[in-house]
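Work through the following exercises with the structure open beside you, and try each task before you read its solution.

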Amino acid sequence: MVGPGETASRRDRFIPVRKSDILDAVISHGGLDDGRSRELHELARMLGAILHHQYFDELDRFRDAYVDFDPEVPVGRHRSPGDLDAAYRGLTDEVVRVLSEANFVEISHEEIERAFAEHALVRVKLKAPISDYRDVRMFRRGTHQETIEVPMLYGLRRRSQEIEVYDDIVLMVATKPDEPKKRKAAAWRGRNKIRGGAVLFKYFRHIARFDLEALLPNVRVVMGLREQLTLGVPALVGGVPILLKLASTLTVLFIVAGFYLGLSGTVHDNDTEQALAALSGIFALGAFILRQWGNFHRQSLIHQKQVTDNIYFRNVNNNSGIFNYLIGEAEDQDWKEAMLAYGGLLLASVPLSRAALGGHVEELLQQMFGLGRAFNVDEALLRLREFGLVSGGDDALTALPLPEAIAQLDRVWASALRP
């Protein structure tokens with residue numbers, strides 16, 4: 001069912017159910033006997049094998065499209081800027097298509113900017129070098145609500161806050177290509193840890209919507225106004241008396257120093273005492289500055305640890321390492337959608353329209369698993385028609401009977417293996 005204020009287009013299409021559970025649900029819902037159950041299992045196995053074969057080629061295309069942008073691979077072949085731009089467009093198209101097949105949804109720039117302005121789990125001020133990036137794109141899949149305890153009044157009180165958490169997040173960040181004149185300067189400064197023109201992929205799990213900014217590479221923790229006042233006010237209160245004391249004795253210190261260096265005439269005993277007091281004040285000021293500097297860095301490390309604990313322990317994989325996972329997830333979701341659509345048509349007593357099939361599968365997911373999902377009926381029917389498992393138009397769809405469907409998949413498999 002669609003929740004309050006939620007449209008069908010916003011509902012998640014991700015099906016977080018095991019393939020075996022979906023198959024069991026179709027069999028149980030349709031009351032299939034042992035013979036038909038075995039036939040359905042055989043069809044499901046063959047369908048999985050064919051999709052796995054297709055996605056094996058998809059993985060190779062994915063890796064080939066990424067070879068020029070992998071930050072972990074030294075730049076090998078030299079290509080013109082025009083060729084690299086075309087290759088980058090090809091890579092982004094491939095990424096969006098695979099993520100869409102795995103039922104990821106791209107997060108809009110408006111939602112990202114809104115999340116950057118707020119913080120939930122990571123309650124520190126962050127600064128990300130957005131100007132260093134050519135492109136930043138985020139994709140999400142699966143959401144749930146969590147209630148967290150937020151500290152108030154310097155930790156003296158706590159209040160409950162409900163937040164939206166994304167189950168899966170894929171981050172794609174493209175850095176700007178290096179300009180020839182700036183390449184040496186950037187290397188000398190050592191500030192750019194990621195080579196220009198690279199594309200980074202990061203995969204995270206269970207990230208609060210308000211903490212998207214913390215996912216970006218090279219993000220830095222900076223002091224907010226509260227932290228600046230916490231450190232600055234004691235520094236001002238403790239440092240002003242030392243500076244006032246030094247102001248009255250520095251002149252005497254210079255006179256005494258000049259006398260011992262032979263640059264001035266005579267000094268009195270009182271001048272020597274004041275000079276020693278000035279030296280003590282200078283050492284005290286130095287110690288005070290070092291202590292405040294240490295406090296500043298200690299606070300920065302505490303905040304950086306908060307970012308690490310809440311974000312980077314949730315990092316599952318990076319760059320080319322996520323390709324196997326994404327392809328596997330796309331294959332998995334593809335199988336589930338096709339199997340649910342075929343099962344829905346197989347169990348129907350009359351031909352179903354496209355809309356009726358989608359509603360029937362959504363009702364099955366809600367009834368069997370408690371999932372309010374928007375079923376991707378168009379993609380499912382595209383697969384069934386590709387393999388010849390369904391007949392009829394969108395207003396009267398019928399599934400091929402199980403024995404004939406198994407024979408049809410046999411022919412599809414033989415054709416797929418033919419050189």
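**Exercise 1. The overall make-up**

How many helices and how many strands are there in the protein chain?

Solution. Bear in mind from the start that this is a predicted model. Counting along the protein chain gives 11 helices and 9 strands. The next step is to look at burial: of the 419 residues of the protein chain, 40% count as buried. A last step concerns contacts in the protein chain with a separation of 6 or more, of which 78% are accounted for by residues 24 or more positions apart.

**Exercise 2. The nonpolar cores**

Find the largest nonpolar core, and say which helix gives the most to this core.

Solution. It helps to recall that in soluble globular proteins, nonpolar side chains tend to be buried together. Here the largest nonpolar core has 68 residues, and those with the most contacts inside it include Leu40, Val199, Leu340 and Leu384. Helix α8, which covers residues 323-347, gives the most to this core, with 12 residues. A second core, separate from that one, has 17 residues, among them Ile107, Tyr133, Leu171 and Ile207.

To see one core residue in detail, take Leu340 and leave aside its neighbours within four places in sequence; Leu340 is then in contact with Ile15, Ile22, Val26, Val361, Leu364, Leu365 and Phe375.

**Exercise 3. Two helices that meet**

Describe how α1 and α9 are placed with respect to each other.

Solution. Two packed helices are described by the angle between their axes and the distance between the axes. For α1 and helix α9 (residues 354-369), the axes come within 11 Å and cross at roughly 100°. Because this angle falls in the range of 65 to 115 degrees, α1 is roughly perpendicular to α9. The residues that meet can then be listed: Asp21, Ile22, Ala25, Val26, Ser28 and His29 on the side of α1, and His360, Leu364, Gln367, Met368 and Phe369 on the side of α9.

**Exercise 4. Aromatic rings and charges**

Classify the pair formed by the rings of Tyr66 and Phe323, and place both residues in the chain.

Solution. A pair of aromatic rings is described by the distance of the centres and the angle of the planes. A search of the whole structure finds 6 aromatic pairs. In the pair of Tyr66 and Phe323, the ring centres are 5.1 Å apart and the planes stand at 75°, so the pair is edge-to-face. This pair links distant parts of the chain, since Tyr66 belongs to helix α2 and Phe323 to helix α8, 257 residues apart. Both Tyr66 and Phe323 are buried, and ring pairs link these two with Phe62 and Phe201 into a cluster.

Rings can also be examined together with charges. The charged end of Lys19 sits over the ring of Trp335, 5.0 Å from the ring centre, while the charged end of Arg134 sits over the ring of Tyr88, 4.0 Å from the ring centre.

**Exercise 5. Two asparagines with a positive phi**

Where do Asn103 and Asn319 lie, and is each of them buried or exposed?

Solution. As background, most residues other than glycine have a negative phi, and most peptide bonds are trans. Asn103 has a positive phi of about 65° although it is not a glycine, and its place is in the loop between α3 (81-101) and β1 (105-106). At 1% relative accessibility, Asn103 counts as buried, because buried means under 20%.

Asn319 also has a positive phi, of about 50°, and lies in the loop between β7 (315-318) and α8. Its relative accessibility is 7%, so Asn319 counts as buried.

**Exercise 6. From buried to exposed**

Assign Glu213, Val316 and Gly31 to the classes buried, partly exposed or exposed.

Solution. Begin with Glu213, which is found in the loop between β5 (199-208) and β6 (220-222); at 10% relative accessibility, Glu213 counts as buried. Glu213 and Phe116 are 97 residues apart in sequence and 5.4 Å apart in space, C-alpha to C-alpha.

Continue with Val316 in strand β7, which at 42% relative accessibility counts as partly exposed. When its neighbours within four places in sequence are left aside, Val316 is in contact with Tyr203 and Arg205.

End with Gly31, placed in the loop between α1 (19-30) and α2 (34-66). At 62% relative accessibility, Gly31 counts as exposed. The C-alpha atoms of Gly31 and Leu347 are separated by 9.1 Å, with these positions 316 residues apart along the chain.

Key: Residues are numbered from 1 along each chain as its sequence is written. This is a predicted model: local features need pLDDT of at least 70, side-chain atom pairs count only at pLDDT 80 or more; totals for chains, interfaces and linings use all residues. Side-chain values use heavy atoms; hydrogens and water are left out. Helices (H or I, at least four residues) and strands (E, at least two) are DSSP runs, numbered from the N terminus. Buried means under 20% relative accessible area, exposed over 50%, partly exposed in between (1.4 Å probe, protein chains only). A nonpolar core is a set of buried Ala, Val, Leu, Ile, Met, Phe, Trp, Tyr and Cys residues joined through side-chain atoms within 4.5 Å. Contact means heavy atoms within 4.5 Å. Rings of Phe, Tyr and Trp (its six-membered ring) pair if their centres lie within 6.5 Å; planes under 30 degrees apart count as stacked, over 60 as edge-to-face and the rest as tilted. A charge sits over a ring if NZ of Lys or CZ of Arg is within 6 Å of the ring centre and within 35 degrees of the ring normal. Axes are lines fitted to C-alpha atoms, for helices over the stretch in contact, and angles run from 0 to 180 degrees between N-to-C directions. Angles under 35 degrees count as roughly parallel, over 145 as roughly antiparallel, 65 to 115 as roughly perpendicular and the rest as oblique.
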